Amino acid sequence: MKIYLLHLFLLMSFGVNLQAQNFSDSIRGKVTCNGKGVQGVVVTDGIDCTLTDKQGNYALYPNRDVRFVQMSVPAGYLPQTKKTIPLFYQEVNPEKRNTYNFKLIKNPRNDTDHIFLVQADAQVTSEDDVRAYAEFLKDMKQHVQPYTGKKDVFGIDCGDIVGDTPSLYPSYIDAVSSLNFPIYRTIGNHDMTYGGRTFEYSYRTFESYFGPIYYSFNKGEAHYIVLDNCFYVNRDYQYIGYIDERTFKWLEKDLSYVPKDKLIFVVMHIPSSLQKKLRYNTLDQDETVNTAALYELLKGYDAHIISGHTHFNTNVCFNDSLMEHNTAAVCGTWWRADVNVDGTPRGYGIYEVKGNRLKWVYKSAGYPLEYQFRAYPAGASEEYPSDIIANVWNWDDLWKVEWYENGQRMGDMQQYQGYDPMAKAICSDKEKVKYDWISPVLTGHLFHAAPHDKNAKIEVKVTDRFGNVYTQTIENK
């Protein structure tokens with residue numbers, strides 16, 4: 001009788017229709033930390049969401065099959081982690097049990113001030129690639145070393161972990177575990193399993209290694225949302241950027257628990273849009289076709305979308321409260337060269353959050369943090385053969401690119417769309433890049449200026465949106 005009354009109390013607390021539910025169908029459990037219940041934790045089955053009560057108890061009543069029950073880890077806490085995989089979820093098995101308890105770890109650091117590293121498109125296709133990736137990770141480890149024990153640090157992976165080779169997931173997991181901090185992952189199009197009859201089949205293998213394909217978690221004053229927007233259309237290697245209705249309905253419920261003063265991050269593989277004006281006349285593999293609906297849900301928040309997929313780097317400022325950061329590939333030119341097809345060195349994003357304030361920078365692997373652009377002498381570019389060129393890969397609208405001749409300021413360099421000279425040369429060498437389909441891409445983060453004196457000392461000065469200044473000198477010969 002006491003157990004029944006407890007269930008009754010919980011059902012009334014969660015606003016459940018008692019006549020429509022069967023206790024035996026419920027998913028329930030408790031969220032604790034050091035043996036004590038944690039109140040106010042959002043728990044979800046991927047369809048419905050609920051909050052834990054004062055004792056940390058929760059109950060859900062799925063109206064159809066669900067694969068996982070998961071919690072949105074609250075600020076101030078950490079999930080248990082295994083080889084960088086955050087264990088905020090459990091697989092549902094109604095034949096064995098319907099109780100799923102979660103244990104949180106109290107974060108020993110104040111996560112109001114935290115740092116996360118963003119990587120995209122490691123895209124390993126062989127054990128040789130995995131070894132190259134392990135070398136790449138040394139740069140990340142070196143960068144975070146000064147923060148160890150001082151700041152909350154975690155990683156975000158924007159997908160395409162493997163290149164259609166799910167058999168390499170175990171090798172990837174072993175390699176990346178050297179980082180010793182949690183990494184939250186989204187599925188990429190090359191992480192999907194092809195050959196099934198529906199979209200739902202495409203993400204099963206990924207889920208078996210890394211858990212749900214959409215979920216959320218919290219750090220300090222920030223709320224993080226991870227989505228799957230790689231929609232398999234039942235043809236080998238064919239997909240579109242698309243968010244399905246089940247995900248949108250869950251996202252609406254997830255955001256209902258998030259106050260408007262929170263900083264929002266949305267992580268997904270395929271970009272939402274690569275330009276400010278949305279395109280509606282194409283089914284695109286490089287953009288999300290129903291992205292306007294996502295933007296509508298994010299209205300009222302200060303939101304940042306973080307994506308990968310393209311193997312180039314770009315930032316799009318849609319308005320004062322919505323921005324996208326599309327991150328260049330870890331693998332560069334598919335592990336054949338250490339630059340991406342737009343000339344961006346392979347690397348990763350570094351994001352520093354303090355309360356509601358955010359700063360970010362792109363870190364080129366193997367270079368100091370100050371290496372934020374590449375300058376070319378006159379004659380390097382086919383578009384402007386008489387001009388000096390600067391490729392400023394993390395540029396956005398608030399950056400400034402200037403040039404000096406023999407110490408005298410000559411003005412701002414002019415932005416243009418073109419091909420990075422180094423990327424173009426590399427991609428033209430088919431023996432080096434191996435794959436015939438690899439080619440350079442047009443990029444808008446190039447700048448040019450015409451020197452007055454071909455023998456002059458030229459300096460390029462770049463100032464980012466946060467006031468940091470970077471310079472390079474060009475000796476024209």
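Two helices whose axes differ by an angle under 35 degrees count as roughly parallel. In the predicted model described here, this cut-off applies to helix 6, which spans residues 245-255, and helix 7, which spans residues 291-298, because their axes cross at roughly 10°. The two helices are therefore roughly parallel to each other, and their axes come within 11 Å. On the side of helix 6 the contact is made by Phe248, Leu251, Glu252 and Leu255, while helix 7 contributes Ala293, Leu294 and Leu297. When the residues of this contact are sorted by character, six are nonpolar, one is charged and none is polar.

A sheet of four strands was also examined. This sheet is open, its strands follow the order 4-3-6-10, and the pairing is antiparallel. Strand 4 (49-51) and strand 10 (89-91) form the edges, each of them pairing on one side only. On average, and with direction ignored, neighbouring strands of the sheet are turned by 20° against each other. Strand 6, which covers residues 68-72, runs antiparallel to strand 10 and is joined to strand 10 by three bridges. Within this part of the sheet, Phe68 stands opposite Glu91 of strand 10.

Phe68 also belongs to an aromatic cluster, which it forms together with Phe88, Tyr89, Phe116, Phe154, Tyr184, Tyr215, Phe217, Tyr224, Phe265 and Tyr351. Across the structure there are 36 aromatic pairs, and one of them is formed by Phe154 and Tyr184, whose ring centres lie 5.9 Å apart and whose planes stand at 90°, so that the pair is edge-to-face. Because Phe154 lies in strand 13 (residues 152-157) and Tyr184 in strand 14 (residues 183-185), this pair ties together parts that are 30 residues apart in sequence. Phe154 has a relative accessibility of 0% and therefore counts as buried, and Tyr184, with a relative accessibility of 2%, counts as buried as well.

Tyr184 takes part in a further pair, with Phe217, in which the ring centres are 3.8 Å apart and the planes lie at 15°, so this pair is stacked. Here the planes meet the cut-off for stacking, which is an angle under 30 degrees. Since Tyr184 lies in strand 14 and Phe217 in strand 15 (residues 215-219), the stacked pair ties together parts that are 33 residues apart in sequence. Both residues of this pair, Tyr184 and Phe217, are buried.

Terms used
Residues numbered from 1 in each chain as written. Predicted model: local features only at pLDDT ≥ 70, side-chain atom pairs only at ≥ 80, totals over all residues. Heavy atoms only, no water. Axes fitted to C-alpha atoms, helices over the stretch in contact; angles between N-to-C directions. Parallel < 35°, antiparallel > 145°, perpendicular 65-115°, else oblique. Contact = heavy atoms within 4.5 Å. Nonpolar A, V, L, I, M, F, W, Y, C, P; charged D, E, K, R; others polar. Pairing = 2+ DSSP bridges. Phe/Tyr/Trp six-rings, centres within 6.5 Å; stacked < 30°, edge-to-face > 60°. Buried < 20%, exposed > 50% of the residue type's maximum accessible area, 1.4 Å probe, protein only.
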